[in-house]
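Visitor: Please give me a close look at one part of this model: its interior, and what borders on it.

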Amino acid sequence: MLIVKKFGGTSVGNKERILNVAKRCIEDYQKGNDVVVVLSAMIDMAKDINPTPSKREMDMLMTTGEQVSVSLMAMAMGSLGVPAISLNAFQVAMHTTHRYGNAQLKRIDTDRIRNE
């Protein structure tokens with residue numbers, strides 16, 4: 001079975017939280033499931049710097065923040081003995097609408113995910 005799990009930025013806000021999410025995902029993997037983990041960027045710092053940042057800049061932050069989150073998660077899973085690879089949205093062709101700050105997912109090309 002393919003299980004997709006989504007975690008927000010605070011769920012991966014520090015080492016302990018990242019390892020907790022990794023352990024939760026590994027439980028499903030060890031039950032024989034294929035697990036895809038989707039992570040959001042950490043945005044608390046942005047709100048500390050500017051309480052009302054532009055939607056465009058928040059989208060930019062999220063793209064780089066997601067790279068950090070997914071690579072750290074892959075490292076955490078590896079440290080717990082489970083192979084993992086991080087992929088960014090452009091590497092799996094996630095197609096969305098073009099609204100800054102409120103894009104809707106239209107389609108995901110799953111070939112790359114399944115190959116990994």
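Guide: Happily, and one convention comes before the rest: helices (H or I, at least four residues) and strands (E, at least two) are DSSP runs, numbered from the N terminus. This is a predicted model, in which local features need pLDDT of at least 70 and side-chain atom pairs pLDDT 80 or more, while totals for chains, interfaces and linings use all residues. Residues are numbered from 1 along each chain as its sequence is written, and side-chain values use heavy atoms, without hydrogens or water.

Let's start at the centre. The largest nonpolar core (buried Ala, Val, Leu, Ile, Met, Phe, Trp, Tyr and Cys joined through side-chain atoms within 4.5 Å) has 13 residues, and Leu39, Met73 and Met77 touch the most other members. Two elements give two or more residues to this core, namely helix H1 (15-30) and helix H3 (55-79). Of the elements, H1 gives the most, with 5 residues.

Met73 makes a good vantage point. Leaving out residues up to four places away in sequence, Met73 is in contact (heavy atoms within 4.5 Å) with Val12, Ile18, Val21, Ala22 and Leu39. A second vantage point is Ile26, which lies in helix H1. Ile26 has a relative accessible area of 6%, so it counts as buried (under 20%, against over 50% for exposed and partly exposed in between, with a 1.4 Å probe and protein chains only). Beyond its neighbours within four places in sequence, Ile26 touches Met77, Leu80 and Val82. The C-alpha atoms of Ile26 and Met77 are separated by 7.5 Å, although the two are 51 residues apart along the chain.

From here we can step across to the strands. Strand S1 (residues 2-7) has Ile3, Lys5 and Phe7 on its covered face, whereas Leu2, Val4 and Lys6 are on the uncovered one. S1 pairs (at least two DSSP bridges) with strand S2 (residues 34-39) in the parallel sense, over 6 bridges. Within that pairing, Ile3 has Val35 of S2 as its bridge partner.

Lys5, on the covered face of S1, is also worth a pause. Its side chain meets that of Asp28 in a salt bridge (N of Lys or Arg within 4 Å of a carboxyl O of Asp or Glu), with an N to O distance of 3.0 Å. Because Lys5 lies in strand S1 and Asp28 in helix H1, the pair ties together parts that are 23 residues apart in sequence. Both partners are covered: Lys5 is buried at 18% relative accessible area, and Asp28 is buried at 14%.

The model has 3 salt bridges by this rule. One of them joins Glu57 and Arg56 at 3.0 Å, N to O, where Glu57 is partly exposed at 45% and Arg56 is partly exposed at 38%. Another joins Glu116 and Arg112, whose closest N and O atoms are 2.9 Å apart; Glu116 is partly exposed at 47%, and Arg112 is partly exposed at 33%.

Back on the covered side, look for Asn88 in the loop between H3 and strand S3 (94-96). Asn88 counts as buried, at 15% relative accessibility. Apart from residues up to four places away in sequence, Asn88 touches Gln67 and Val70. For contrast, turn to Met75, which lies in helix H3 and is exposed, with a relative accessible area of 55%.
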